[in-house]
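Let's take a walk through this one together, starting with the overall picture and then looking at some side chains.

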Amino acid sequence: MRRVSVKTMFLLVETGAAASMLVLTFLLSNLTGQGWVLLAGALLTACALFWMFLLTLFFARRLSRFTNDLCQTMDSMISGGQEPARAEDRETIFARISYRLSRLYNILQENRRRVDEERRELQTLVSDISHQVKTPVANLKMVTDTLLAKPVTEQERRDFLQGIRSQTDKLEFLVQSMGKASRLETGAVTLEKKDAPLLDTLAQAMSGIVYGAEQKGVSVEVQCPDDLRVSHDSKWTAEALFNLLDNAVKYTPAGGKISVSVEQWEMYVKLDVADTGKGIPESRQAAIFRRFYREEEVHDQPGVGIGLYLAREIISRQGGYIKVASEVGRGSTFSVFLPRR
């Protein structure tokens, strides 16, 4: 179907109205036999055409002005300029369009803000990964260059190979940790909460730190009801708890103690992981959950600073949260709160 422009439509309406009035006038003149009726009809038709012309001209100018304002507003919205002004009269069609433009502007601004935030996060992530990978790669190059450049004894060769193994293990751990975090953040992995015994999940997490705790002489005590069932994702919750327990083993000196206790609250189940380690200064307690954050004095310890970040992501995506209470020289307590349902 052929589209008709607004100008053509008005011309057709005016022509139709004038023709209709002239036909009616002619019919009335014939029926009455009065010539003045034809003259009066012609004058009325002329007056009607004149006012319709003025109306068309007024509407055309207003439509042109509105179109120009609309184009300027759209250009401003695309470039991220000021929010479009809303019309005072809310009943007109222009006000309704203005209101929707304002909503569209707010949506565009929010999308632009999210894109900028994601870009900054991506830049930070790339920078952090580059920084984390740089040290083990440099160490691997140094060791291999040494092995290729000069002869070494059997013991030195073993030491160098052990160093290579240590650095490759660090790279492997970094890649695995980043893979887990990325899968969570991008939604590639969906946590599936099911009603399951919390003790089984805790036992799964404990299995990963038993050997290290024994080697270091750190005792581990667990208090958890056998029949306590909680709605949670057992696999990923075990990963979060393992990260907390692994940190406790790392930063608790030989002969220290790690205590795991569970309390049942009305809405949550609280699981505490307490250690007798070095403790965390209050000024740093808010920063320890950041990705790749590590305190200066623990850089000699294994790890890449992503465990606590990953633990918080896992727990928060199940509707829970993690709190920390710590005192320098007296240890730390990480409290995990999981919704009971």
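A residue is called buried here when its relative accessible area is under 20%, exposed when that area is over 50%, and partly exposed in between. Keep that in mind, and keep in mind too that this is a predicted model. A good place to try the definition out is helix 7, which spans residues 234-250. D246 and K250 are both buried, yet they carry a salt bridge between their side chains, with an N to O distance of 3.4 Å. The two sit four residues apart in that helix, or about one turn.

Now zoom out. The protein chain has 341 residues, and 31% of them are buried. Its secondary structure adds up to eight helices and seven strands. How much surface does the protein chain expose? About 22,200 Å², with carbon and sulfur atoms supplying 57% of that. As for how the chain meets itself, take the contacts between residues at least 6 apart in sequence: 68% of these join residues at least 24 apart.

Back to the charged side chains. The structure holds nine salt bridges, and the one in helix 7, between D246 and K250, has some relatives in other helices. Look at helix 3, residues 93-149, where R113 and E110 lie three residues apart, about one turn of the helix. Their closest N and O atoms are 2.6 Å apart, in a salt bridge. Are these two buried or exposed? Neither, as it turns out: R113 has a relative accessible area of 40%, so it counts as partly exposed, and E110, at 29%, is partly exposed as well.

Helix 4, residues 154-185, has a salt bridge with the partners three residues apart, again about one helical turn: E154 and R157. Here the N to O distance is 2.5 Å. Both partners are partly exposed, E154 at 44% relative accessibility and R157 at 34%.

Next, the aromatics. There are five aromatic pairs. In one of them, the ring centres of Y268 and F337 are 6.5 Å apart and the ring planes stand at 90°, so this pair is edge-to-face; the cut-off for that label is over 60 degrees. What does the pair link? It ties together distant parts of the chain, since Y268 belongs to strand 5 (residues 268-275) and F337 to strand 7 (residues 331-339), 69 residues apart. The two rings' residues also fall into separate accessibility classes: Y268 is partly exposed at 25%, while F337 is buried at 4%. Widen the view a little and you'll find Y268 and F337 in one aromatic cluster with W265 and Y321.

Last stop: helix 5, residues 198-206. Which of its residues are buried? They are L198, T201, L202, A205 and M206. Around the helix axis they cover an arc of only 140°, so they sit on the same side of helix 5.

Key: Residues are numbered from 1 along each chain as its sequence is written. This is a predicted model: local features need pLDDT of at least 70, side-chain atom pairs count only at pLDDT 80 or more; totals for chains, interfaces and linings use all residues. Side-chain values use heavy atoms; hydrogens and water are left out. Rings of Phe, Tyr and Trp (its six-membered ring) pair if their centres lie within 6.5 Å; planes under 30 degrees apart count as stacked, over 60 as edge-to-face and the rest as tilted. Buried means under 20% relative accessible area, exposed over 50%, partly exposed in between (1.4 Å probe, protein chains only). A salt bridge is a side-chain nitrogen of Lys or Arg within 4 Å of a carboxyl oxygen of Asp or Glu. Contact means heavy atoms within 4.5 Å. Accessible areas come from the Shrake-Rupley method with a 1.4 Å probe; for residues, only the protein chains shown count as cover. The arc is that of the directions from the helix axis to the C-beta atoms.
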